[in-house]
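The following exercises ask you to read a fold from its strands, its core and its charged pairs. Each task is followed by a solution that goes step by step.

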Amino acid sequence: MQLDVFEVLADPTRRRIVEALLSGEQQVAEVVEKAGIHQSGVSRHLRILSESGFVSMRPDGQRRLYSLRPEPFRELEDWLGRYRQLWEERLDRFGAALEKKRAQAQNNPAVQGGPTTRKRS
C-alpha cells in the first residue's frame with residue numbers, strides 16, 4: 001500500500017522523527033533520543049518514512065545513517081503553493097479594504113476622533 005505525503009505525515013510519531021532528522025543525518029539511537037520514542041517504534045516509522053520517500057538510509061560500516069530527502073517536501077510545497085496564492089490574494093484584498101477605510105477616516109474628521117461623546121448641559 002502506497003501512502004501519500006499527507007497520510008505519512010498525519011502520524012504524530014512520524015512528524016517527531018522528521019523533526020529529529022531536520023538537523024541532519026543521524027543513527028537510530030540519536031533519533032530515539034531526540035524524538036523520545038522507543039527504538040522499535042522509531043525503526044518501524046523510519047521504514048514507513050523510507051518506503052514513502054521521506055527518508056534515505058546510508059550504511060556506514062555497522063551503522064545505518066538516516067536523513068531526510070527533499071523530494072516529498074517539494075511535493076508538499078507545490079501543493080501548498082496553489083493555496084498560498086489564494087490566501088495571499090484574499091489578504092491583498094483585505095489590506096486594500098483596510099487602506100480604503102484609513103483613507104476615508106483621514107478625510108472625515110468626525111471619524112478620526114473615534115466615537116463622539118456628548119456633553120451634558
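**Exercise 1. The sheet**

In what order do the three strands of the open sheet stand, and with what pairing?

Solution. The structure is a predicted model. Its open sheet of three strands follows the order E1-E3-E2, and the pairing is antiparallel. As the next step, consider the edges: E1 and strand E2 (55–60) each have a single partner strand, so one side of each is left without a neighbour in the sheet. Then turn to the pairing of E1 with strand E3 (residues 63–68), where two bridges join the antiparallel strands. For Gln-27, the bridge partner in E3 is Leu-65.

**Exercise 2. The setting of Gln-26**

Establish whether Gln-26 is buried or exposed, and then describe which groups its side chain meets.

Solution. Begin with the location, since Gln-26 belongs to strand E1, which covers residues 26–27. The next step is accessibility: the relative accessible area of Gln-26 is 3%, and because buried means under 20%, this residue counts as buried. Now look for polar partners of the side chain. One is the side chain of Ser-23, which is joined to that of Gln-26 by a polar contact of 3.1 Å. Another is the backbone oxygen of Gly-24, which lies 3.1 Å from a polar atom of the Gln-26 side chain. Finally, once neighbours within four places in sequence are left aside, the residues in contact with Gln-26 are Ala-20, Leu-21, Val-31, Lys-34, Arg-64, Leu-65 and Tyr-66.

**Exercise 3. The largest nonpolar core**

Find how many residues the largest nonpolar core has, and which of them have the most contacts inside it.

Solution. The largest nonpolar core has 18 residues, and those with the most contacts inside it are Ile-17, Leu-21, Val-42, Leu-46, Leu-49, Phe-54 and Val-55. To see where this core comes from, list the elements that give it two or more residues, namely helix H1 (5–10), helix H2 (12–21), helix H3 (28–35) and helix H4 (39–51). H2 supplies the largest share, with four residues. As a last step, follow the contacts of Leu-46: leaving aside its neighbours within four places in sequence, Leu-46 touches Ile-17, Leu-21, Val-28, Val-55 and Tyr-66.

**Exercise 4. Charged pairs and their accessibility**

State how many salt bridges a search of the whole structure finds, and work through three of them, taking the accessibility of each partner in turn.

Solution. The search of the whole structure finds six salt bridges. One of them joins the side chains of Arg-47 and Glu-51, at 3.5 Å from N to O; both residues lie in helix H4, four residues apart, which is about one turn of the helix. Arg-47 has a relative accessibility of 44% and counts as partly exposed, whereas Glu-51, at 54%, counts as exposed because the cut-off for exposed is over 50%.

A further salt bridge is that of Arg-84 with Glu-77, in which the closest N and O atoms are 2.9 Å apart. Arg-84 is partly exposed at 36%, and Glu-77, at 41% relative accessibility, is also partly exposed.

Lastly, Glu-99 forms a salt bridge with Arg-102, with 2.7 Å between the closest N and O atoms. Both residues lie in helix H5 (residues 71–107), three residues apart, about one turn of the helix. At 46% relative accessibility Glu-99 counts as partly exposed, and Arg-102, at 49%, counts as partly exposed too.

Key. Residues are numbered from 1 along each chain as its sequence is written. This is a predicted model: local features need pLDDT of at least 70, side-chain atom pairs count only at pLDDT 80 or more; totals for chains, interfaces and linings use all residues. Side-chain values use heavy atoms; hydrogens and water are left out. Buried means under 20% relative accessible area, exposed over 50%, partly exposed in between (1.4 Å probe, protein chains only). A polar contact is a pair of N or O atoms within 3.5 Å; within protein, one must be able to donate a hydrogen and the other to accept it, and residues adjacent in sequence count only if both atoms are side-chain atoms. Contact means heavy atoms within 4.5 Å. Two strands pair if DSSP finds at least two bridges between them. A nonpolar core is a set of buried Ala, Val, Leu, Ile, Met, Phe, Trp, Tyr and Cys residues joined through side-chain atoms within 4.5 Å. A salt bridge is a side-chain nitrogen of Lys or Arg within 4 Å of a carboxyl oxygen of Asp or Glu.
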